[in-house]
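Here's a quick tour of one helix pair and a handful of charged pairs. Have the structure open as you read.

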Amino acid sequence: MKVYLVRHGETDWNLRGMFYGWTDCDINEKGIMQAERLKKYFGTISYDKIYASDLLRAAHTAEIIAEDKKIDVLKDSCFRELHYGDWEDKEGSYIRENHGEELSRWLKEWKTSAFPGGEAFFDFYQRVTDGLIRVIEENKSKNVIIVSHNGPMSAMLCHLTGVGPDGFWRFFSEQGCYSSAFISEKKITIEKINCPV
């Protein structure tokens, strides 16, 4: 089987540098154009199912991609971004100015701590990779697309490459780009990472 990982299109909150893991917002005009380019690219590729985070920015991107093929988007909360807790809906500059010490501590101890009132990293990592493993088990010999967020895509790439959670910061996925992996019974072959269309 082949798995394509796609990051959602741009949002206005991205432009503002917001912490907005579970906050629901839609893609902006540029994000729609990114999704349209992805639709054109995936229109030339055979795939059987398309999954998405149930958050609007990912689900809307997936709906645009699947529009011409008339494939229903399977929304799944497993592929949501990390929950930032009390820091949801806050700009990065505000967090640095008002919670600089807590932010510094999290950056040093990210694997063993959580944002105030937020989701612990290992809970997030387990949630995302459990969802990926389930999708792989349910779709052997099929091709699937998963539309998600930067953090979950890093977690899924950690799992697929075998580096585990320690490799989390090795990956970054830009909006409107995709990664792909071929998965057989014997091995996983990473074909592309953060590839523009």
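Is Arg 80 buried or exposed? With a relative accessible area of 19%, Arg 80 is buried, because the cut-off for that label is under 20%. Keep in mind that this is a predicted model.

## Arg 80 and its partner

Arg 80 pairs up with Asp 54: their side chains meet in a salt bridge, at 2.7 Å from N to O. Arg 80 sits in the loop between β4 (73–75) and β5 (90–91), while Asp 54 is in the loop between β3 (49–52) and α3, so the salt bridge ties together parts 26 residues apart in sequence. Unlike buried Arg 80, Asp 54 is partly exposed, its relative accessible area being 27%.

## Another link along the chain

Glu 10 and Lys 30 make a salt bridge too, with an N to O distance of 3.7 Å. This one also joins distant parts of the chain: Glu 10 comes from the loop between β1 (2–7) and α1 (12–15), Lys 30 belongs to helix α2, and they are 20 residues apart.

How do the two partners fare for accessibility? Glu 10 is buried, at a relative accessible area of 10%. Lys 30 comes out at 42% and is partly exposed, because that label covers values between the 20% and 50% cut-offs.

## How α2 meets α3

Now for the helices. Helix α2 (residues 29–42) packs against helix α3 (residues 56–66) with an angle of about 40° and 8 Å between the axes. The pair is therefore oblique, and the crossing is right-handed.

Who does the touching? On the α2 side, the contact is made by Ile 32, Ala 35, Glu 36, Leu 38, Lys 39 and Phe 42; on the α3 side, by His 60, Thr 61, Ile 64 and Ile 65. Sorted by class, that gives six nonpolar residues, two polar and two charged.

## The rest of the salt bridges

How many salt bridges turn up in a search of the whole structure? The search finds 12. One of them joins Glu 119 to Arg 127, whose closest N and O atoms are 2.9 Å apart. Here both partners, Glu 119 and Arg 127, are buried.

There's also a network: Glu 36, Lys 39, Glu 67 and Asp 68 are joined by salt bridges that share partners. Two of those names should ring a bell, since Glu 36 and Lys 39 also belong to the α2 side of the helix contact.

How values were computed:
Residues numbered from 1 in each chain as written. Predicted model: local features only at pLDDT ≥ 70, side-chain atom pairs only at ≥ 80, totals over all residues. Heavy atoms only, no water. Axes fitted to C-alpha atoms, helices over the stretch in contact; angles between N-to-C directions. Helix = DSSP H or I, 4+ residues; strand = E, 2+ residues; numbered from the N terminus. Parallel < 35°, antiparallel > 145°, perpendicular 65-115°, else oblique. Left-handed = near helix turned anticlockwise from the far one by under 90°. Contact = heavy atoms within 4.5 Å. Nonpolar A, V, L, I, M, F, W, Y, C, P; charged D, E, K, R; others polar. Salt bridge = Lys/Arg side-chain N within 4 Å of Asp/Glu carboxyl O. Buried < 20%, exposed > 50% of the residue type's maximum accessible area, 1.4 Å probe, protein only.
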